[in-house]
Amino acid sequence: MNTTDIIGTIGVGLILIGYFLNIFSLIKKDGVLFYVLNILGGIIACFSSYLIRFWPFVILEGTWAIISVIGLLKSIKKPQVS
């Protein structure tokens, strides 16, 4: 396993951890932790894909991160219900 494999595994791992925690209701699907795991995972996996010049996954993971940032911003702006 080379450096780019390790970087990519960390990125994908963060995304999968967020997914796992969400599916088993351990975190909220619109919570900050869910979005942060997806943003960091997407950025790291995108970077790894860029290093190996695998453009389809650069686009996929970059888009994943951008959409997660938008979701995080929407979640933060949403009025809190007491």
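Biologist: Which residue follows H2, and what is the sign of its phi?

Modeller: Arg53 follows H2, and its phi is positive, near 60°; just after H1, Ser25 likewise takes a positive phi, of about 55°. This is a predicted model with residues numbered from 1 along each chain as its sequence is written, and local features are reported at pLDDT of at least 70. Side-chain atom pairs count at pLDDT 80 or more, while totals for chains, interfaces and linings use all residues, and side-chain values use heavy atoms, with hydrogens and water left out.

Biologist: What pattern does the chain follow along the sequence?

Modeller: The pattern is α-α-α, with 3 helices and 0 strands in the chain; helices (H or I, at least four residues) and strands (E, at least two) are DSSP runs, numbered from the N terminus.

Biologist: How do you know what span is expected of H3, and what span does H3 reach?

Modeller: The expected span of a helix is 1.5 Å times one less than its number of residues. For the 23 residues of H3 (residues 55-77) the expected value is 33 Å, and H3 reaches 33 Å from its first C-alpha to its last. H2, with 20 residues, reaches 28 Å, close to the 28 Å expected, and H1, with 21 residues, reaches 30 Å, close to the 30 Å expected.

Biologist: Why is Ser68 called buried?

Modeller: Ser68, in helix H3, has 7% relative accessibility, and buried means under 20% relative accessible area, exposed over 50% and partly exposed in between (1.4 Å probe, protein chains only), so Ser68 counts as buried. Leaving aside neighbours within four places in sequence, Ser68 is in contact (heavy atoms within 4.5 Å) with Tyr35, Asn38 and Ile39. Those three residues are themselves among the buried residues of H2.

Biologist: What covers the buried residues of each helix?

Modeller: The cover of the buried residues of H3 includes H1 (3-23) and H2 (32-51), that of H2 includes H1 and H3, and that of H1 includes H2 and H3. Gly62, Ala65 and Gly71 are among the buried residues of H3, while those of H1 are Thr4, Gly8, Gly11, Ile15, Gly18 and Leu21.

Biologist: Why is Phe47 called partly exposed?

Modeller: Phe47, which is found in helix H2, has a relative accessible area of 44%, a value that lies between the two cut-offs, and therefore Phe47 is partly exposed.

Biologist: What makes a nonpolar patch, and which residues form the one on this surface?

Modeller: Patches are made of residues with over 30% relative accessible area and no salt bridge, like charges being joined within 9 Å and nonpolar side chains (Val, Leu, Ile, Met, Phe, Trp, Tyr) within 5 Å; a salt bridge is a side-chain nitrogen of Lys or Arg within 4 Å of a carboxyl oxygen of Asp or Glu. Here the patch consists of Phe47, Tyr50, Leu51, Ile52, Phe54, Trp55, Phe57, Leu60 and Trp64, with about 870 Å² of accessible area together (Shrake-Rupley method, 1.4 Å probe, for residues only the protein chains shown count as cover). H2 and H3 are the elements that give two or more residues to the patch, and H3 gives the most, with 4.

Biologist: How do you know what confidence the predictor places in the chain and its helices?

Modeller: The guide is pLDDT, the predictor's confidence in each residue, from 0 to 100. The chain has a mean of 95, with 96% of its residues at 70 or more, and among its elements H3 has the lowest mean (96) and H2 the highest (98).
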